[in-house]
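Please walk through the fold shown below, moving from the sheet outwards to the helix, the loops and a few side chains.

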Amino acid sequence: MLAFTRIVLKLRKDHAALRAGGIAFLETPETTLAFTRGEGADQVLCLFNLSAAPASFTPPGAWTPILASQSDATTLSGYAGVWLKPKL
């Protein structure tokens, strides 16, 4: 748990969008939460599955994971989450 916390704190330090900036919630199925922070290339997309069942979500545009509880960002397993940044 300490190692994970250190990773999250480093990501927060490295990505200004995780510290400040606007937040925009995306339209998702009821058991999924998705929002963006920041703007442009400094934007971060956060996706979370809030249920035990797998949930599908296709992020708008091209993204690359910066933190993930799994490798696939389009089908989240139960209670999984992923943070993504724009693919340049």
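In which sense, and over how many bridges, do strand E3 and strand E7 pair? In this predicted model, strand E3 (residues 44-49) and strand E7 (residues 81-86) run antiparallel to one another and are joined over four bridges. Two of the residue partnerships between these strands can be followed directly: leucine 45 has leucine 84 in E7 as its bridge partner, and leucine 47 is partnered by valine 82 in E7. Five of the six residues of E3 are buried, so this strand is largely enclosed by the rest of the structure.

On its other pairing, E3 meets E2, again in the antiparallel sense, and here the two strands are held over six bridges. Arginine 37 is found opposite valine 44 in E3. The hairpin that E2 and E3 make has six residues between the strands, and within this hairpin glycine 38 adopts a positive phi near 85°.

These pairings belong to a wider arrangement, an open sheet of five strands in the order E1-E2-E3-E7-E5, with antiparallel pairing. E1 and strand E5 (63-68) occupy the edges, and each has a single partner strand, so one side of each is left without a neighbour in the sheet. Averaged over the sheet and with direction ignored, neighbouring strands are turned by 25° against each other. As general background, the strands of a sheet pair through backbone hydrogen bonds, in either a parallel or an antiparallel manner.

The helix can now be placed against this sheet. H1 lies across E5 and E7, and its direction makes an angle of about 140° with E5. As for the predictor's confidence, the protein chain has a mean pLDDT of 86, with 94% of its residues reaching 70 or more. Among the elements of the chain, helix H1 (residues 2-14) has the lowest mean pLDDT, at 84, whereas strand E1 (residues 23-25) has the highest, at 94.

Helix H1 also carries a pair of charged side chains. A search of the whole structure finds one salt bridge, and aspartate 14 forms a salt bridge with lysine 10, their closest N and O atoms being 2.6 Å apart. Why are these two residues separated by about one helical turn? They are four residues apart in helix H1, and that spacing accounts for the separation of about one turn. Aspartate 14 is partly exposed, with a relative accessible area of 45%, while lysine 10, at 52%, is exposed. In general terms, side chains of opposite charge can pair when their charged atoms come close.

Returning to the sheet, one may ask how its aromatic side chains are arranged. The structure holds two aromatic pairs, and one of them, formed by phenylalanine 25 and phenylalanine 35, is tilted, with 5.7 Å from centre to centre and 55° between the planes. Phenylalanine 25 lies in strand E1 and phenylalanine 35 in strand E2, so this pair ties together parts that are ten residues apart in sequence. The two partners differ in their surroundings, because phenylalanine 25 counts as exposed at 57% relative accessibility, whereas phenylalanine 35 is buried, with a relative accessible area of 14%. Ring pairs extend this to a cluster that links Phe25, Phe35 and Phe48.

Phe48 reappears in the surroundings of another residue of the sheet. Threonine 32 lies in strand E2 (residues 32-37), and, leaving aside its neighbours within four places in sequence, threonine 32 is in contact with Phe48 and Ala55. Is threonine 32 buried or exposed? With a relative accessibility of 6%, threonine 32 counts as buried, the cut-off for this class being under 20%.

Two loop residues complete the tour. Tyrosine 79 is located in the loop between strand E6 (75-76) and E7, where it has a positive phi of about 55° although it is not a glycine; at 61% relative accessibility, tyrosine 79 counts as exposed. Glycine 21, for its part, is placed in the loop between H1 and E1 and is likewise exposed, with a relative accessible area of 51%. Glycine 21 and glutamine 43 are 22 residues apart along the chain, and their C-alpha atoms are separated by 9.0 Å.

Terms used: Residues numbered from 1 in each chain as written. Predicted model: local features only at pLDDT ≥ 70, side-chain atom pairs only at ≥ 80, totals over all residues. Heavy atoms only, no water. pLDDT = per-residue confidence, 0-100. Pairing = 2+ DSSP bridges. Axes fitted to C-alpha atoms, helices over the stretch in contact; angles between N-to-C directions. Contact = heavy atoms within 4.5 Å. Buried < 20%, exposed > 50% of the residue type's maximum accessible area, 1.4 Å probe, protein only. Salt bridge = Lys/Arg side-chain N within 4 Å of Asp/Glu carboxyl O. Phe/Tyr/Trp six-rings, centres within 6.5 Å; stacked < 30°, edge-to-face > 60°.
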